Structure formats: structure tokens, C-alpha cells
Number of protein chains: 2
Amino acid sequence: MNILYIFAHPDRNSFNFAMKERAVKVFNERQDSVQNSDLYEMDFNPILRPEDFKQRKYKQFFNPFLEQLNAVKTNGFSEDIRAEMNKVNWADILIFQFPLYFTSVPAIMKGWIDRIFAAGFAFNPVKGEVYEKGLLKGKKALLVITAGADKKMYSPDGLHGDINELLRYITHCTFEFTGMEVLPSYIIYETNQLSEEEGIDELEKYERFIESL
Amino acid sequence: MNILYIFAHPDRNSFNFAMKERAVKVFNERQDSVQNSDLYEMDFNPILRPEDFKQRKYKQFFNPFLEQLNAVKTNGFSEDIRAEMNKVNWADILIFQFPLYFTSVPAIMKGWIDRIFAAGFAFNPVKGEVYEKGLLKGKKALLVITAGADKKMYSPDGLHGDINELLRYITHCTFEFTGMEVLPSYIIYETNQLSEEEGIDELEKYERFIESL
């Protein structure tokens, strides 16, 4: 199995980093292939800009959607985008691990989605290539989340509401939109409050979860 | 009325830019005060990093939440964050205008939210200062969105689903979480398909909407 592990935490001493290392260890042990996109480590540029395209087709105005459709045909994406697209093409499963910032991915990961899941590459509404016909069909996607809030806050009658409903703009409108099958999100709550013992326990649980993939 | 207009489109020839200019014109004509945060123009840094803090309280690990709580007390935020926080403090209403990327804000705007709506500044769960007691209580927030998809796709029985439900992670879990009152989102669909005439018509409609605020 080919795993692309997209990771967004700046600190190698973090609990998040320990989780990622644990997952990669499991994959290596069973001889799965892993490629990492450690976004902070890569100093990944999250901002979609005109410079993303080697040559612009429409110069009077900047329309990312139209430029992306053109760049797919002309191999016209900037090198950093192309490199990530190659990883996506190679992968059977995409794992996105991040601390939840405002019930969403950190900006650096949002930018990875904005720039890599380009029109014509991941989906193409002009040709009806969305959802069941999305261009990443056959791949799986998984969110691995550490949240500061507690589980009650993110329950259906909690203050925020049901986290799985709240995340549908990613799981459904982004991942399923591109044709990917979405695995149930793996969520750890109150991550800031974990004692050392609880942290060790959570790492064990995560290792067993990764083994089950 | 003091308006903070947070804008995320890189092209001054865009329809989005024309909308913003129209809104600012209305505000100026009626002698409201406007401050702009034109994020691409400012080359705003969207990535929350340890460098956001002049001095770190917890050096063994990087926990943004704890550093933010500390930075509020010590005036320890980097200058670019402090400048935006000053604008937020000044504003009666925050308008976020952007093209919808994957049913969400572009990464550059997600980063503005991640970095500016800091713990201890916009909300403080440790003190129960969330939702009705959120620290931005008394202010209003408004999303102004241009979408590529059509209205049917974002209707309750459409392929994506009800856009207002999908955006609750922003309108509820982010804006209402900080205590702000959220105005109904202003959404233009199929923006890429607008003819010149339809574009002119939409700008007129937007101007009338802004007049109604």
C-alpha cells in the first residue's frame, strides 16, 4: 500500500509529531511505502497565486479555475505543485494529520488542498468528473485530528455541534468531491489536557488503529 | 460605523475586487470609517509559527493556545498580528470577502483567522469566555462569497448540500464562538459564468446590499 502522509505541525517535540512517527513506524514495519509531506518542515507555500502557473492562458484577469484546467494540459504547474501531484497520483491512501484550528485545517494545509487539488487534476466539473466520477477515484482519504475542545462540545447537542457534520465541507465537498473514499475521521479530544500516561496510551491506541488500516 | 474589510483575491482586475471597491465607495459616501486588510496586497503571512510570539513561555514544546494566552498578557504578539488585532478592536463589523475554495476560505484568509483570533484575544475557554461570553461580543461578522458552483449544488438536496450548514464551522464555531453576531452570508453563485451584463447587475445588487447594512 502506498501512503501519502500530509502533516501540519511545526514542532518535532509535539504529541502530533509523535503520532506521525508511530504511524510511519507501523507502515515501514509491514513494508508499506510512505511518502511524507511535512508541510512546516517543507516550508510549503500555501498561497494560491498567479505564479503557480508557468504560463498564464488568461492574462487580463486571474481565474485559478481556468488556469488550472489549462495547466493540466500544458504541464504548466509550478514545480512544488507538480511534486505534490506526483505523490497524490502514486498514493493509495492520503492521510491528513493536523491540530484542529477553528474546526478546520491549519492554513498551511488548507493551502495544500487549494493548490494541489486543482481543477482538471482532482476533479473537473466541466466534464462532470466530480463525486462518483471524480479524478481521484480509487484512493482513500483519512483525517487524523487532535482537538483542544472536549468530545461533548463536538457532540450533536454540544455547543459546537456534531464534528462529523461540521467537517463535511472537507470529507464530502472536498474529498468525496474528488472521488475519494473517506474513512471515518480519527479524532483525539482535549489533546492539551493529556497527562503523560494518557499520551502514551493514546499513542498505543493510534498505533493499533494504523495497524488496522 | 467602523468597518474592517478583510479581502482575499490576488487580482485587482477581478470581479471580487470590483465588489470590494463598490462596498468601500458606499461606506465612504456615508462617512463610515473603513480599514482594509487586503491580504494578498499586504502579502499577509498565513502560517501560525513559533515566531508569532516575541518571547515563548513554554520552550520545550510549541503549544499555540498556551502561547497565545501568555502573549495577550505580555503584549507578546508579533507586529503583524498586533496590527490586525488593533483593527479588530476598532471595528463594529468585520466583512470577510473571498472566492470560495473547497467550500471554505482561501488559505491566506484561514491564516488570518488562525493567527488573529487568538486564545485570550477573541475567546478564552479557560474562563468560559466563548459564545455568549466571547471576547468579540458586540461586533458583527459577515461572509461575502463568490462561488464557482451553482445554487442547486449548494441547496439542501444538492450534491454538496446546504451551504449555510456547510459553513457552520465558520459562522457558528468560529464567529459566534468569539461572541460576534453573524449576519446572513451574501453569496453569488456561478461567478465564473457571469456575462458582462450580469456582472454589472450583480455589482448593483451588492451596492444596494451594502447600503442596507
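# Loops, cores and charge pairs in a two-chain model

Colleague: Where is the place of A:D162?
Modeller: This is a predicted model. In chain A, strand 4 covers 140-146 and helix 6 covers 163-166. The place of A:D162 is in the loop between strand 4 and helix 6 of chain A.

Colleague: Is A:D162 buried, partly exposed or exposed?
Modeller: The relative accessibility of A:D162 is 26%. Buried needs under 20%, and exposed needs over 50%. A:D162 therefore counts as partly exposed.

Colleague: Which backbone nitrogen does the side chain of A:D162 reach?
Modeller: Set the contacts out first. Leaving out residues up to four places away in sequence, A:D162 touches A:Y154, A:S155 and A:P156. Its side chain also reaches a backbone nitrogen at 2.8 Å, that of A:N164.

Colleague: How far apart are the C-alpha atoms of A:D162 and A:F96?
Modeller: Along the chain, A:D162 and A:F96 are 66 residues apart. Their C-alpha atoms are separated by 20 Å.

Colleague: Turn to the core. How many residues has the largest nonpolar core?
Modeller: Residues of both chains appear among those with the most contacts inside the core: A:F96, A:W112, A:F117, B:F96, B:W112 and B:F117. The largest nonpolar core has 113 residues.

Colleague: And how many residues has the other core?
Modeller: The largest nonpolar core includes A:W112. Apart from that core lies another, with B:F7, B:V26, B:I95 and B:Y206 among its residues. That other core is of 19 residues.

Colleague: Is A:M19 buried or exposed?
Modeller: A:M19 sits in helix 1 of chain A, residues 15-29. Beyond four places in sequence, A:M19 touches A:Y5, A:Q97, A:V144, A:T146, A:I188, A:L203 and A:Y206. Its relative accessibility is 0%, and the cut-off is under 20%. A:M19 therefore counts as buried.

Colleague: How far apart are the C-alpha atoms of A:M19 and A:R56?
Modeller: In sequence, A:M19 and A:R56 are 37 residues apart. In space, their C-alpha atoms are separated by 41 Å.

Colleague: Now the interface. What area is buried between chain B and chain A?
Modeller: Chain B gives 44 residues to the contact, and chain A gives 44 residues. Carbon and sulfur atoms give 63% of the buried area. The area buried between the chains is about 3,700 Å².

Colleague: Which residues of chain B lose the most area to chain A?
Modeller: The contact takes 44 residues from chain B. Three of chain B's residues together account for 18% of what that side buries. They are B:F102, B:K110 and B:Y169.

Colleague: Which element gives the most to the side of chain B that touches chain A?
Modeller: Across the interface there are 20 residue pairs in polar contact. On the chain B side, helix 3 (64-74), helix 5 (107-116) and helix 7 (168-175) are the elements that give two or more residues. With 6 residues, the one that gives the most is helix 5 of chain B.

Colleague: Which side chain does A:N63 join in a polar contact of 2.9 Å?
Modeller: A:N63 lies in the loop between helix 2 (39-42) and helix 3 (64-74) of chain A. A:N63 is buried, at a relative accessible area of 10%. Within chain A, its side chain reaches the backbone nitrogen of A:L66 at 3.1 Å. Across the chains, the 2.9 Å polar contact joins the side chain of A:N63 to that of B:N192.

Colleague: With which residue does B:R49 form a salt bridge?
Modeller: The count between chain B and chain A is 2 salt bridges. B:R49 is partly exposed, at 22% relative accessibility. The closest N and O atoms of its pair are 2.9 Å apart, and the partner is A:D43.

Colleague: How many residues apart are B:D52 and B:R115?
Modeller: The side chains of B:D52 and B:R115 meet in a salt bridge at 3.0 Å, N to O. The pair links the loop between helix 2 and helix 3 of chain B, where B:D52 lies, to helix 5, which holds B:R115. Along the chain, B:D52 and B:R115 are 63 residues apart.

Colleague: What is the relative accessibility of A:E79?
Modeller: A:E79 forms a salt bridge with A:K54, the closest N and O atoms being 3.2 Å apart. A:K54 counts as exposed at 52%. A:E79 also counts as exposed, because the cut-off is over 50% and its relative accessibility is 54%.

How values were computed:
Residues are numbered from 1 along each chain as its sequence is written. Chains are lettered from A and ligands numbered from 1 in the order in which they are written. This is a predicted model: local features need pLDDT of at least 70, side-chain atom pairs count only at pLDDT 80 or more; totals for chains, interfaces and linings use all residues. Side-chain values use heavy atoms; hydrogens and water are left out. Contact means heavy atoms within 4.5 Å. Buried area is the accessible area (1.4 Å probe) that two parts lose on being put together, summed over both. A salt bridge is a side-chain nitrogen of Lys or Arg within 4 Å of a carboxyl oxygen of Asp or Glu. A polar contact is a pair of N or O atoms within 3.5 Å; within protein, one must be able to donate a hydrogen and the other to accept it, and residues adjacent in sequence count only if both atoms are side-chain atoms. Helices (H or I, at least four residues) and strands (E, at least two) are DSSP runs, numbered from the N terminus. A nonpolar core is a set of buried Ala, Val, Leu, Ile, Met, Phe, Trp, Tyr and Cys residues joined through side-chain atoms within 4.5 Å. Buried means under 20% relative accessible area, exposed over 50%, partly exposed in between (1.4 Å probe, protein chains only).
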